[in-house]
Amino acid sequence: MKSADLVGSIRTRVHLQRTLDGLLEGWCQRHCFDGLRLVLPVWPLASPLADGWSELHRALHQIELLPGGTLTADEQKVVRDAKRFIEQVVLDRAPFRT
């Protein structure tokens, strides 16, 4: 497995910020209220400490669980990549490697 597969397309916190801001803007435009309802209470981060990141990670996990058709395929990928970035880089959870 390539390292790019482990982290996804998001490489920095600034890239994460821009990516999530773009995702939210898209959700506003197409009235994806379920995604907005879950992420707006935790984004932007009120605190850069682990608790804020953990809450954002939980919100993204809940977004992943939304019924099919709620998110586009591109949005699903962005949510997965954001979660993966938070897990591996911010929360310092090393992926399981075989």
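**Asking why: exposure, salt bridges and helices**

Q: Why is Asp-34 called partly exposed?
A: Asp-34 has a relative accessibility of 34%, and a residue is called buried under 20% relative accessible area, exposed over 50% and partly exposed in between (1.4 Å probe, protein chains only). The value for Asp-34 falls in between, so Asp-34 counts as partly exposed. This is a predicted model, in which local features need pLDDT of at least 70 and side-chain atom pairs count only at pLDDT 80 or more, while totals for chains, interfaces and linings use all residues. Residues are numbered from 1 along each chain as its sequence is written, and side-chain values use heavy atoms, with hydrogens and water left out.

Q: What makes Arg-37 and Asp-34 a salt bridge?
A: The term asks for a side-chain nitrogen of Lys or Arg within 4 Å of a carboxyl oxygen of Asp or Glu. The side chains of Arg-37 and Asp-34 meet at 3.9 Å from N to O, and therefore the pair satisfies the definition. Both residues belong to helix α3, where they sit three residues apart, which means about one helical turn between them. As a general point, an α-helix has 3.6 residues a turn, so residues three or four places apart point the same way. Arg-37 itself is exposed, because its relative accessible area is 51%.

Q: How do you know that Glu-75 and Arg-30 form a salt bridge, and which parts do they tie together?
A: The closest N and O atoms of Glu-75 and Arg-30 are 2.4 Å apart, so the pair meets the distance limit for the term. Glu-75 lies in helix α5 (residues 73-90), whereas Arg-30 lies in the loop between α2 (13-29) and α3 (33-39), and therefore the pair ties together parts that are 45 residues apart in sequence. A relative accessible area of 10% makes Glu-75 buried, while Arg-30, at 36%, counts as partly exposed.

Q: What makes Lys-83 and Glu-64 a salt bridge, and which helices hold them?
A: The closest N and O atoms of Lys-83 and Glu-64 are 2.6 Å apart, which again fits the definition of a salt bridge. Because Lys-83 lies in helix α5 and Glu-64 in helix α4 (residues 50-64), the pair ties together parts that are 19 residues apart in sequence. Lys-83 is buried at 10% relative accessible area, and Glu-64 is partly exposed at 32%. Elsewhere, salt bridges that share partners join Lys-77, Asp-81 and Arg-84 into one network. The structure holds five salt bridges.

Q: Why are Cys-28 and Cys-32 not called a disulfide?
A: A disulfide is a pair of cysteine sulfur atoms within 2.5 Å. The structure holds zero disulfides, and for Cys-28 the nearest cysteine sulfur, that of Cys-32, is 9.6 Å away. That separation is outside the limit, so the pair does not qualify. Cys-28 is partly exposed at 45% relative accessibility, whereas Cys-32, at 4%, counts as buried.

Q: How do you know that the span of α2 is close to the expected one?
A: Helices (H or I, at least four residues) and strands (E, at least two) are DSSP runs, numbered from the N terminus, and the protein has five helices and zero strands. The expected span of a helix is 1.5 Å times one less than its number of residues. For α2, with 17 residues, this comes to 24 Å, and the helix reaches 24 Å from its first C-alpha to its last.

Q: What puts the buried residues of α2 on the same side?
A: The buried residues of α2 are Leu-16, Thr-19, Leu-20, Leu-23, Leu-24 and Trp-27. They cover an arc of only 135 degrees around the axis (taken from the directions from the helix axis to the C-beta atoms), which puts them on the same side of α2. The face turned away from this buried side carries the exposed residues Arg-18 and Gln-29, and the cover over the buried residues includes α3, α4 and α5.

Q: Why is Thr-19 called buried, and which residues does it contact?
A: Thr-19 has a relative accessible area of 19%, which is below the cut-off for buried, and therefore the label applies. Contact means heavy atoms within 4.5 Å. Leaving aside its neighbours within four places in sequence, Thr-19 is in contact with Ile-10 and Val-78.
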